[in-house]
Amino acid sequence: MSETPPALEIFGVSHRYGARLALDDVSFCVAPGAFCVLLGLNGAGKSTLFSLITRLFALRQGTIKVLGRDLSQDPGAALAALGVVFQSRTLDLDLSVAQNFYYHAALHGIGRKEAARRTGELLAAVNLADRAKDKVRALSGGQMRRVEIARALLHHPRLLVLDEPTVGLDIGARADILKLARGLVAQEGVSVLWATHLTDEIDPGDDVAVLHKGRLRAHGVAAELREKTGAADMKAAFIALIGAEEAGGAW
Amino acid sequence: MVTTGEPAPRHLTFGAYLICLQGVIWREGLRFLHQRERFVSALVRPLVWLFIFAAGFRQTLGFSIIPPYDTYILYEVYITPGLMAMIQLFNGMQSSLSMVYDREMGNMRVLLLSPFPRAFLLFGKLIAGTLVSVLQVYAYLVVAWFWDIQPPPFGLLTVLPALLLVGLMLGALGMLLSSLVKQLENFSGIMNFVIFPMFFASSALYPLWRVQEGSPALYYVCQANPFTHAVELIRFALYGQINWIALTVTGACAFVFMAGAILAYDPSRGLMALRGAPGAGN
């Protein structure tokens with residue numbers, strides 16, 4: 001390969017549940033080292049897209065590539081480069097933080113010694129080094145989220161996808177999580193796809209893909225999208241992009 | 001730097017497969033240790049049958065000498081293989097119950113995110129569940145030993161491969177069912193429609209020739225029930241013998257159930273994709 005492929009490439013993806021079309025010909029890319037926000041209301045199709053990226057559902061139409069590795073043709077290689085934080089909690093509450101990490105490491109073929117080293121590093125990076133031996137159940141919501149992000153990085157993925165990671169967190173914890181993810185992009189060069197319905201999580205320089213009713217309404221740098229719509233802020237721009245009357249009930 | 005700049009490697013080594021398998025088994029073991037009630041109830045259930053049901057029935061049922069036994073036996077001795085299989089039946093269904101729970105809670109999603117082939121991951125999960133069930137069976141045999149149920153010592157060894165195969169078959173059946181069940185509540189229904197009919201319409205509690213005397217139709221149902229063959233496989237193995245028909249049927253069923261479960265969890269062909277939206281239908 002002569003040039004770096006996009007961290008995530010979504011091309012012509014459609015998905016339906018029975019007769020209902022949940023995704024309609026969605027295409028966009030996440031550039032290497034980019035912080036890309038997938039913006040959409042609840043039910044816009046964000047979770048469906050995540051289920052396709054994480055292979056819970058089969059891709060019926062279109063292509064998804066992680067670092068140029070086709071998810072349908074070479075799923076193992078694609079998944080090895082992908083880190084995921086799901087919307088619902090996926091930690092084993094009865095096990096300790098470290099035990100959760102060792103299990104995840106084993107699922108990626110990483111031995112215990114190396115797993116222990118990485119666990120120490122990652123927990124230190126999210127300021128939870130002293131909680132390694134605690135049961136997950138004893139952590140707060142914000143701490144669990146930080147643990148989940150650290151765990152998603154155990155196998156050193158180059159792309160991290162997060163599905164509404166700040167849902168249910170207080171303002172302080174939300175800011176922490178967002179800072180953590182942005183730090184990964186700035187310092188580690190990890191690419192991030194951040195799904196949310198909250199426009200205040202967007203920075204002017206972020207890449208934004210607006211999803212509405214299964215269709216990609218807009219894709220571009222946040223500041224440019226705002227300018228194009230002539231809106232005063234990102235929230236107004238979002239409403240303009242998806243149509244004011246449709247956004248009305250949701251705000 | 002907490003992550004490397006290099007993309008993850010494309011291919012997994014044999015050693016990596018072993019690490020993964022070990023990890024899946026280790027987690028199952030940890031979960032089992034943490035759920036002490038599960039272990040206690042797995043042990044108490046067959047003991048209730050042994051101490052109460054078998055004692056009460058002892059005088060009611062008379063037995064002729066049937067293989068693999070070479071002498072008249074007590075009813076307690078007769079139902080022991082059936083109770084061993086029952087432990088594994090419950091365990092198989094219970095670990096699949098935990099898969100439904102896992103899927104709802106998201107742990108299953110973590111498992112399926114692993115870059116290893118899905119068939120391998122599910123097989124690893126089956127092995128882990130089977131090992132737990134074998135531990136439970138031996139714990140039961142220790143207690144039963146003091147209740148004067150003493151199979152030949154070498155039988156305790158020869159029964160091990162039979163227990164592994166039966167564990168795999170019942171675990172795979174549970175896994176197949178778990179893929180068909182969308183939510184936890186639906187599962188208790190399947191337990192009633194699977195566990196009880198399988199257990200009662202088998203040779204676990206009564207020899208099939210006695211069933212035939214009572215109801216020829218039920219006899220054929222029992223013959224067609226894979227659980228009957230699982231019980232007979234264990235019964236013969238416990239006395240150092242091989243029941244070839246039971247072995248063939250159990251092996252074939254294990255294979256079919258496993259293939260079905262792997263297909264069902266395959267995203268491109270499976271049943272998961274045909275169902276509603278993610279996050280349990282929101």
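**Confidence, burial and surface in a predicted model**

Student: In which helix of chain B is B:Val48 placed?
Tutor: In this predicted model, the residue in question belongs to chain B, where the helix that holds B:Val48 covers residues 36–57. That helix is H2.

Student: Does B:Val48 count as buried, exposed or partly exposed?
Tutor: Buried would require under 20% relative accessible area and exposed over 50%. Because its relative accessibility is 40%, B:Val48 counts as partly exposed.

Student: Which residues make a nonpolar surface patch with B:Val48, and what is its area?
Tutor: The other members of the patch are B:Val40, B:Val44 and B:Ile52. Together with B:Val48, they make a nonpolar surface of about 340 Å².

Student: Which residues does B:Gln136 touch, leaving out those up to four places away in sequence?
Tutor: B:Gln136 lies in helix H5 of chain B, residues 118–145, and it counts as buried because its relative accessibility is 2%. Its contacts, with those sequence neighbours not counted, are B:Phe32, B:Phe39, B:Ala42, B:Ile87 and B:Asn91.

Student: Where in chain B is confidence lowest?
Tutor: The chain averages a pLDDT of 85, with 86% of the residues scoring at least 70, and helix H10 has the highest mean, at 97. Over residues 276–282 of chain B, however, the pLDDT is below 50. Where pLDDT is low, the predicted coordinates should not be read in detail. The lowest mean, 38, belongs to residues 278–281, helix H12.

Student: Within what arc do the buried residues of H8(A) fall, seen down its axis?
Tutor: The buried residues of this helix are A:Met234, A:Ala237, A:Phe238, A:Leu241 and A:Ile242. Seen down the axis of H8(A), they line one face of the helix, because they fall within an arc of 120 degrees.

How values were computed
Residues are numbered from 1 along each chain as its sequence is written. Chains are lettered from A and ligands numbered from 1 in the order in which they are written. This is a predicted model: local features need pLDDT of at least 70, side-chain atom pairs count only at pLDDT 80 or more; totals for chains, interfaces and linings use all residues. Side-chain values use heavy atoms; hydrogens and water are left out. Patches are made of residues with over 30% relative accessible area and no salt bridge: like charges are joined within 9 Å, nonpolar side chains (Val, Leu, Ile, Met, Phe, Trp, Tyr) within 5 Å. Accessible areas come from the Shrake-Rupley method with a 1.4 Å probe; for residues, only the protein chains shown count as cover. A salt bridge is a side-chain nitrogen of Lys or Arg within 4 Å of a carboxyl oxygen of Asp or Glu. Helices (H or I, at least four residues) and strands (E, at least two) are DSSP runs, numbered from the N terminus. Buried means under 20% relative accessible area, exposed over 50%, partly exposed in between (1.4 Å probe, protein chains only). Contact means heavy atoms within 4.5 Å. pLDDT is the predictor's confidence in each residue, from 0 to 100. The arc is that of the directions from the helix axis to the C-beta atoms.
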